[in-house]
Structure formats: structure tokens, C-alpha cells
Amino acid sequence: AGAVPTFETLPAGTTLSGSTNNTVATVTGANALAGEANLTFDGSNLTVASTSAGSTTNPFVIIDRNSASPADNDVLGRVNFRGRTDSGANADYAFLTAQALDVSNGGENGSLNIAGLVGAAERSFVKCKPTEVIINEDSEDMDFRVESNANTHALFVQASDGAVHIGTSTNGSAGAGDLVVNGGVFLGGT
């Protein structure tokens, strides 16, 4: 690999048009660069902006694994959310991973995995697949809780014992059970 070009080493006649502070430059011709007004980097934040006033989805960020030999179960891309530990070491704390489960033309299937560190080990929190959504696939001692407008534990699965709670997070006076319901229960049919 050659040296990274600087403005001092760019070919004579190279121009930079449309430049404002923090714009990212793209090649627009043989000896021309243009500052992209909607793509900026200020040293900390990369911004992809859209000035579209329509109802279409904009802006788009595309992560493209352009493989010459795509195969089922290829990992398409991953976004790592990195920070530092208290000793200053790098640590990737959370992850988004996309996978092509089936690459058959016309029958494509994909998955998205949301993961994070648990005790310094990567563990899956939520995996979205074509036929199911899996919570806590790695069987961590991680409770599952759904809130409603009026109840912080509308649905609660306690990981330590596998009990399913509705409307509560405790077993109450009834003792431990596989299903614990706080409030009325309606079982009906037609």
C-alpha cells in the first residue's frame, strides 16, 4: 500500500468543490473532489443527513457484503459498540449482527441478532429469524419483562426458576409455581 495522499501530494489541478467544514470528500472526476454536504465527520460523529421532504425512507445506510460466492449462513455485517474499561482497555459492549440464512434467489431469509457482554462474554439478547424471535438464546440468568401502561411486570419470566408471572414479579403467598397470576383470570371460549 502506498502513502496516504495529502493535499500536498494530490495531482496538480485537483480541485475541491462544495467544501464546508467537516464535509467528507468524494471523487467526482479524474482530478476532482467534492465535499458532500450531507455526509460529515467532525472527529467524533459521522452524520448521514437527508434533505428529502418526501415520505420515502431517507437517508439509507447500506452495509453490502458483495461476495462472489454467497452461501447460506454468511454473516453480512456487524456493528460493534465500543467503549473503555476502567483500566482504559477497549471493550465492545454491544453488537448488532446480520446474517443471510438462505441466499436462494426468490427465497432469501435473513436474521438479526442483538447481543451484549454479560460477565465479559458475548451473549445473545434477542435474535430475530424468519420463523421466530428468540429471547436469551444463550440461557443466561437474565429475566424477561414486558411493561404495560399501568404495570411494570405485565409479563415477567424469571430466569432463575423459569416461572412465568402475569401482573407481578413475585410468587406471593402461593409459593413457587410455573405460572403466577396477580389479579383476575378469564378463561373463555366461544
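Which strand order does the open sheet of four strands have, and with what pairing? The order is β10-β11-β12-β13, and the pairing is mixed. I'll come back to that sheet. One caution before we go on: this is a predicted model.

Let's start with the whole chain. There are 190 residues. The secondary structure comes to zero helices and 13 strands. So read along the sequence, you get β-β-β-β-β-β-β-β-β-β-β-β-β, by the assignment of helices and strands from DSSP runs. Of the residues, 16% count as buried. The chain exposes about 13600 Å². Carbon and sulfur atoms supply 52% of that area. Now contacts. Take those between residues at least 6 apart in sequence: 9% of them join residues at least 24 apart.

Next, the sheet of five strands. This one is open too, with the order β5-β6-β7-β8-β9 and antiparallel pairing. At the edges sit β5, residues 74-84, and β9, residues 133-135; each pairs on one side only. From one strand to the next, the twist averages 25°. As background, strands of a sheet pair through backbone hydrogen bonds, either parallel or antiparallel.

Walk across it with me. β5 and β6 run antiparallel, joined by ten bridges. β6 covers residues 90-102. Arg84 stands opposite Asn90 in β6. The two strands form a hairpin with five residues between them. In that turn, Gly88 has a positive phi of about 95°.

On to β6 and β7. Strand β7 is residues 109-118, and eight bridges join it to β6, again antiparallel. Asp102 has Asn109 in β7 as its bridge partner. This hairpin has six residues between the strands, and Gly106 takes a positive phi near 90°.

At the far side, β8 covers residues 121-128. It pairs with β9 in the antiparallel sense over three bridges. Here Val126 stands opposite Ile135 in β9.

Back to the sheet of four strands. Its edge strands are β10, residues 144-146, and β13, residues 179-181. Each of these pairs on one side only. Neighbouring strands are turned by 10° against each other on average, direction ignored. Inside the sheet, β11 (residues 155-157) and β12 (residues 164-166) pair over three bridges, in the antiparallel sense. Val157 stands opposite Val164 in β12.

Now the backbone exceptions. Most residues other than glycine have a negative phi, and most peptide bonds are trans. Against that background, three places are worth a look.

First topic: the peptide bond. From Asn58 to Pro59 it is cis, with omega near -5°. Pro59 lies in the loop between β4, residues 46-48, and β5.

Then the loop between β9 and β10. Asn136 is found there. Its phi is positive, about 60°, although Asn136 is not a glycine. Ser139 is found in the loop between β9 and β10 as well. Its phi is near 55°, also a positive value in a residue other than glycine.

Are Asn136 and Ser139 buried or exposed? Asn136 has 14% relative accessibility, and the cut-off for buried is under 20%, so Asn136 counts as buried. Ser139 has 62%, and exposed means over 50%, so Ser139 counts as exposed.

To recap: zero helices and 13 strands. One open sheet runs β5-β6-β7-β8-β9 with antiparallel pairing. Another runs β10-β11-β12-β13 with mixed pairing. And the bond from Asn58 to Pro59 is cis. Thanks.

Definitions and conventions:
Residues are numbered from 1 along each chain as its sequence is written. This is a predicted model: local features need pLDDT of at least 70, side-chain atom pairs count only at pLDDT 80 or more; totals for chains, interfaces and linings use all residues. Side-chain values use heavy atoms; hydrogens and water are left out. Two strands pair if DSSP finds at least two bridges between them. Axes are lines fitted to C-alpha atoms, for helices over the stretch in contact, and angles run from 0 to 180 degrees between N-to-C directions. Buried means under 20% relative accessible area, exposed over 50%, partly exposed in between (1.4 Å probe, protein chains only). Contact means heavy atoms within 4.5 Å. Accessible areas come from the Shrake-Rupley method with a 1.4 Å probe; for residues, only the protein chains shown count as cover.
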